[in-house]
Every structure is written in structure tokens, then in C-alpha cells.
Amino acid sequence: MRQAEPVPESTLKKRVLLTGATGYIAGQLLPEFRERYDLRLVDVRPGDGVEVADLLAGAAGDLGRLFEGVDVVVHTAYHRPAGDDPQARYDGERRNVDMMQRVYQLALDHGVRRVVAASTNQAAKWYEQPYFQGLRDRVTPDDYPRPDNFYGWAKAAYESLGFLYACGSLGRKLEVIQLRIVVPREIDAGKFVDQPAHRYVRELAGYISERDLRQLFARSIEAGDIDDEHGVPFHIFYGVSDNARTFWSITNARRVIGYQPQDDSERRFAADIARLLGG
Ligand SMILES: NC(=O)c1ccc[n+]([C@@H]2O[C@H](COP(=O)([O-])OP(=O)(O)OC[C@H]3O[C@@H](n4cnc5c(N)ncnc54)[C@H](O)[C@@H]3O)[C@@H](O)[C@H]2O)c1
């Protein structure tokens, strides 16, 4: 009997596992993801089409089933630490590092090609201080991570663990992309009326529109070869729109995955900017 012609890979929908599927960031991605990918959704909370699983407490054997046959894992699951004192914050964020490590390991063990994770600019938030003091013009993904809180520290840990999984020292090279999202929401100027101007400027610099956020994740999922100049498939990209005031560099995202943001906070919020900063 004649064998059926294999379907070219480019015409197959990628099989994507989305963790944290009932969360805020996932909610922005899902309308497009549902069209674009063969999706598997996971969260500790139930939701439309969501398989309920706990990525921290679940047995590796049970969780492994979710990673089988998956091309790309998009990790947006996030455990919100309870309590405000430093020890509670540290303990809570350590659980997020544990969850990220489990996702990398399960992906490596079950043949997943790539992990795309939601990170944050807070992994290097301290640099905002010299920027606003006029002592630095730009922050790039190559600057040494300098978090100034436990949330950012955990994200910096996601990133350095990601490099370890990508460099091949554990056997296969797992492709890893970390997206340092900054301000993924519409900016309510009313909240900044009585604030120093630089707080509002910081939001404008970090804005990412919903359609740019979706594009950034889609390009991170779909880009072909992402090896760097040393053959390591690991990248950190800032998640911002094409903002006139930005100081977080996205030149590597433009180059490596072809990210072409369509929005600019300067135009999107022109009327608010004239009112708040005009004088
Ligand atoms: N929302 C923002 O403004 C923002 C900005 C920058 C970066 N980020 C990053 O994006 C990621 C997602 O943020 P979000 O705002 O969507 O958070 P969220 O709290 O809205 O969503 C996180 C989801 O993860 C799920 N979850 C928690 N523990 C889990 C576990 N053990 N197993 C499986 N699922 C679990 C939660 O139920 C929730 O649905 C985080 O890493 C966050 O740091 C968010």
C-alpha cells in the first residue's frame, strides 16, 4: 500500500501547552492562540477547556503526560506569595523558581523543543534608578540582571536556569526564550495626577499593547532557528511596544524573531500625555 504523503511541518498547527491558562497574561493571549495553535491548557484553577493540574505539587508522572507530544510550552503560571515580610516573599518566590525548573525538566524529559516563559523587567529593575538620574541611556537584555525585590530575583533565577537547560550540558539543548514584560495594560492617567512625572513616564516607556504582546509570544513560539552566535538557543527579550520613550532595548527581539511592534504609547495616550506632561 502507498504511504500517505507526509504533511509539510509548516502546514501543521504547532502543539502548544499553555500553563497558567486562567490567568491575566494567558487571557490576553488566548483569543489568538485558540485560532493559531493546537492547544493544551493547564492551571490549578478550572476554566474553559483547561486541564486542572498543580505544577508544583503534582507527581512528575502525571504532569509528564501533559508535556508529551508538545512542541512549545508557554509558561505563564505564577504562584502569588502570601505575606509581605521579606522571608514570606522569598519563600513564596522560591516556589516560582521551583515551578519554572519543573517546567524545564519536564520539557527536556518529554521531547518538547522550546519553552517560552513570561518574565518581567523587574529582573533588572534597579537600572531604572540610574536611568531616571540621567546616568544611563538604555537597558538591554545583556546588562547583568539587577533585581531590587524578590519577585524580580525569582525571574532572574528563571533566566539563569534557562541558560543552563539551553546550553546542552544536560544532554539535549532545550530552546528557551524569556520575555521580560513591562506594562501589559492600558495606562490610567488618572492614577498619576498627583505623582512625580517620572512615574507616568515609566509606564509610557514600558507599555505593551495587547496585539503587540500577542505578536511577541507568537513570534517567540514560531521563529525557526534561534541559536545565538555560540549555538545556544537562549534569549531574553523585553516586552514593550514601539514606544517613543522606551529605554528597554528590543533590538535583539527585532533581529532574532522578527518582532515588529505596531503600537506606540506616545500616540495611544497622546491626549493624556498633553494633559499630564504638557506644562
Ligand atoms: N500581569 C502583569 O502585569 C505582568 C507583568 C509582567 C510580567 N508578568 C508575568 O507573567 C506571568 C503571569 O502573570 P499573570 O498576571 O497572568 O498572573 P496570574 O496570577 O493572573 O496568573 C497566573 C496563573 O497561574 C496559575 N497557577 C498558580 N500556581 C499554579 C500551579 N502550581 N500550577 C498550575 N498553575 C498555577 C494561577 O491559578 C493563575 O491562573 C507571571 O510570571 C508574571 O510575573 C505579569
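This note sets out points on a predicted model, beginning with the ligand and then turning to four individual residues.

1. The ligand and its pocket. The ligand occupies the largest pocket. Its surroundings comprise 25 residues, and the closest of these are Ile-25, Asp-43, Asp-54, Tyr-151 and Arg-185.

2. Elements that form the shell. At least two residues of the shell around the ligand come from each of helix H1 (24-36), strand S5 (114-120) and helix H5 (150-166). Strand S5 makes the greatest contribution to this shell, namely 3 residues.

3. Polar contacts of the ligand. Oxygen atoms of the ligand take part in several short approaches to the protein. A polar side-chain atom of Asp-43 is 2.6 Å from a ligand oxygen. From Ile-25 it is a backbone N or O atom that lies 2.8 Å from an oxygen atom of the ligand. A polar backbone atom of Tyr-78 is found 3.1 Å from a ligand oxygen. Taken alone, the ligand would expose 840 Å², and 89% of that area is buried by the protein.

4. Position and burial of Thr-76. This residue belongs to the loop that runs between strand S4 (72-75) and helix H3 (86-109). Is Thr-76 buried or exposed? Its relative accessibility is 14%, and Thr-76 therefore counts as buried, since the limit for that class is under 20%.

5. Partners of Thr-76. The side chain of Thr-76 reaches two backbone oxygens: that of Thr-19 at 2.6 Å and that of Gly-20 at 3.4 Å. Both residues also appear among its contacts when neighbours within four places in sequence are left aside; the full set is Leu-18, Thr-19, Gly-20, Ile-25, Ala-26 and Ala-118. One of these, Ile-25, is also among the residues closest to the ligand.

6. Val-74 in strand S4. Val-74 is part of strand S4. Its relative accessible area is 0%, so Val-74 is buried. Not counting residues up to four places away in sequence, Val-74 touches Val-16, Leu-17, Leu-18, Thr-19, Phe-33, Val-116, Phe-217 and Ile-221. Leu-18 and Thr-19 are contacts of Val-74 and are likewise contacts of Thr-76. Asp-91, by contrast, stands 17 residues from Val-74 in sequence and 24 Å from it in space, C-alpha to C-alpha.

7. His-235 in strand S7. The strand that holds His-235 is S7, which spans residues 234-239. With a relative accessible area of 9%, His-235 is buried. Beyond its neighbours within four places in sequence, the contacts of His-235 are Val-176, Ile-177, Gln-178, Ile-226, Asp-227, Asp-228 and Val-256.

8. Pro-261 in a loop. Which two helices flank the loop of Pro-261? They are helix H8 (251-257) and helix H9 (265-268). Pro-261 counts as buried because its relative accessibility is 10%, which falls in the class under 20%. Setting aside neighbours within four places in sequence, Pro-261 is in contact with Asp-212, Gln-215, Val-240, Ser-241, Asp-242, Ile-250 and Arg-254. The C-alpha atoms of Pro-261 and Gly-239 are 9.7 Å apart in space, while the two residues are 22 residues apart in sequence.

How values were computed. Residues numbered from 1 in each chain as written. Predicted model: local features only at pLDDT ≥ 70, side-chain atom pairs only at ≥ 80, totals over all residues. Heavy atoms only, no water. Helix = DSSP H or I, 4+ residues; strand = E, 2+ residues; numbered from the N terminus. Buried < 20%, exposed > 50% of the residue type's maximum accessible area, 1.4 Å probe, protein only. Polar contact = N/O pair within 3.5 Å; in protein donor to acceptor, adjacent residues only side chain to side chain. Contact = heavy atoms within 4.5 Å. Near = heavy atom within 4 Å. Areas by Shrake-Rupley, 256 points an atom, 1.4 Å probe, with all protein chains shown as cover. 1 Å grid on protein atoms, 1.4 Å probe; cavity = no way out; pocket = protein on both sides within 12 Å on 5 of 7 lines; lining within 4 Å. Sits in = over half its atoms within 2 Å of the grid points.
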